[in-house]
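Visitor: I am new to this structure and would like to learn how to read its features one at a time. Could we look at it together?

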Amino acid sequence: FRHLLAIEGLEPPYIAELLELADHYALQNRRGTTQRDLLKGRTLINLFFEDSTRTRTSFELAGKRLGADIVNMSVSTSSVNKGETLLDTAATLNAMRTDLLVVRHGQSGAPALLAQKVDAAVINAGDGTHEHPTQALLDALTIRRRKGRLEGLTVAICGDVLHSRVARSNIHLLLTMNARVRIVGPPTLIPSEAGRLGVEVHHDMKSGLEGADVVMMLRLQKERMTGGLVPSAREFFRFFGLDAAKLAYAKPDAIVMHPGPMNRGVEIDSAVADDPARSVIGEQVEMGVAVRMAVLDLLSRNLRRNA
Ligand code: CP
């Protein structure tokens with residue numbers, strides 16, 4: 001693959017290869033023995049049109065650990081503010097002979113559009129409500145490390161599925177790797193195409209979490225809600241917020257995940273989010289660096305062939 005634009009369409013062996021390589025980098029990162037010259041002479045630009053803490057920082061760390069030159073383009077102080085279009089911005093970065101372009105954009109499909117216009121390998125760091133492929137890969141790596149496998153596990157993805165690119169990428173990845181996926185939330189926050197995705201749909205936490213191996217909570221994305229349909233935080237927490245009582249419906253050894261940023265007291269209670277026996281939220285962030293190193297490594301092999 002020249003780009004990483006989505007999980008949908010990736011074959012199981014490719015996902016397995018990425019996870020194996022990421023596991024290797026996770027081990028190296030813990031030992032502090034990362035190879036530092038793999039991307040020497042390569043340029044990576046982080047082009048984020050939406051806010052980010054985890055994704056942008058971990059792509060920067062991943063690139064630096066592999067020896068790349070990194071530029072974090074600040075869109076808020078760029079010529080985008082003077083009216084420059086997305087495609088003209090891409091053409092400008094292309095003329096600077098960028099090798100790897102990491103793009104986050106509010107419009108679904110924006111990274112795919114850029115990929116048609118630039119020579120760089122384009123990595124989707126989250127586009128609108130479409131996909132966030134590296135998040136699903138780091139989630140899968142975290143699950144695999146904790147549970148030893150993906151196949152046959154029951155994963156409950158809960159909350160605002162409708163607006164979640166994280167949910168879409170996770171659904172595609174987990175189904176491709178033969179896990180069972182349930183989506184759990186109020187009817188207003190479940191996508192209408194859910195029935196066609198091959199997931200079970202639940203509208204209450206008890207049936208949705210019963211027997212689950214993994215409970216993945218999602219942020220309530222108020223910024224993407226239009227038309228006054230924003231649920232009250234208190235009401236949402238009462239019915240769909242994960243607390244110890246609701247977590248008790250899942251298997252006793254179920255792990256708790258959240259891609260971050262979290263709204264504590266809205267979709268997740270602090271006591272659950274911070275419970276070291278159940279929560280793997282910190283490990284997800286750690287695996288984010290390893291997964292992004294693996295993605296940069298694999299895509300740069302094609303760059304080397306193209307050079
Ligand atoms: N999970 C995630 O994408 O977090 P950021 O928005 O902080 O990058």
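Guide: Let us start with residue classes: Ala, Val, Leu, Ile, Met, Phe, Trp, Tyr, Cys and Pro count as nonpolar, Asp, Glu, Lys and Arg as charged, and the others, Gly among them, as polar. Please keep in mind that this is a predicted model.

Visitor: How many residues of each class are in the lining of the largest pocket?

Guide: The lining holds four nonpolar, eight polar and eight charged residues. The pocket itself has a volume of about 370 Å³, and of the 20 residues that line it, R104, R165, R219, G260 and P261 are the closest to its centre. Helices α2 (54–65) and α6 (165–176) each contribute at least two residues to this lining.

Visitor: Which way do the residues of strand β8 point?

Guide: In a regular strand the side chains alternate between the two faces of the sheet. Here V214 and M216 point one way from β8 (residues 214–217), while V215 and M217 point the other way, and all are buried.

Visitor: Which strands pair with β8?

Guide: Strand β5 (residues 154–158) runs parallel to β8 and is joined to it by four bridges, with A156 having V215 as its bridge partner in β8. Strand β9 (residues 255–257) also pairs with β8 in the parallel sense, over three bridges, and there M257 is the bridge partner of M216.

Visitor: Why is T89 called buried?

Guide: Buried means under 20% relative accessible area, and T89 is called buried because its value is 4%. T89 lies in helix α3 (residues 86–95) and, not counting residues up to four places away in sequence, touches L47, M73, V80 and E84.

How values were computed. Residues are numbered from 1 along each chain as its sequence is written. This is a predicted model: local features need pLDDT of at least 70, side-chain atom pairs count only at pLDDT 80 or more; totals for chains, interfaces and linings use all residues. Side-chain values use heavy atoms; hydrogens and water are left out. On a 1 Å grid over the protein atoms alone, a cavity is a set of points where a 1.4 Å probe fits but cannot get out, and a pocket is an open set with protein on both sides within 12 Å along at least five of seven lines; lining residues have an atom within 4 Å of a point. Grid points are joined across faces, edges and corners, and a volume is the space filled by probe spheres set on the points. Buried means under 20% relative accessible area, exposed over 50%, partly exposed in between (1.4 Å probe, protein chains only). Contact means heavy atoms within 4.5 Å. Two strands pair if DSSP finds at least two bridges between them.
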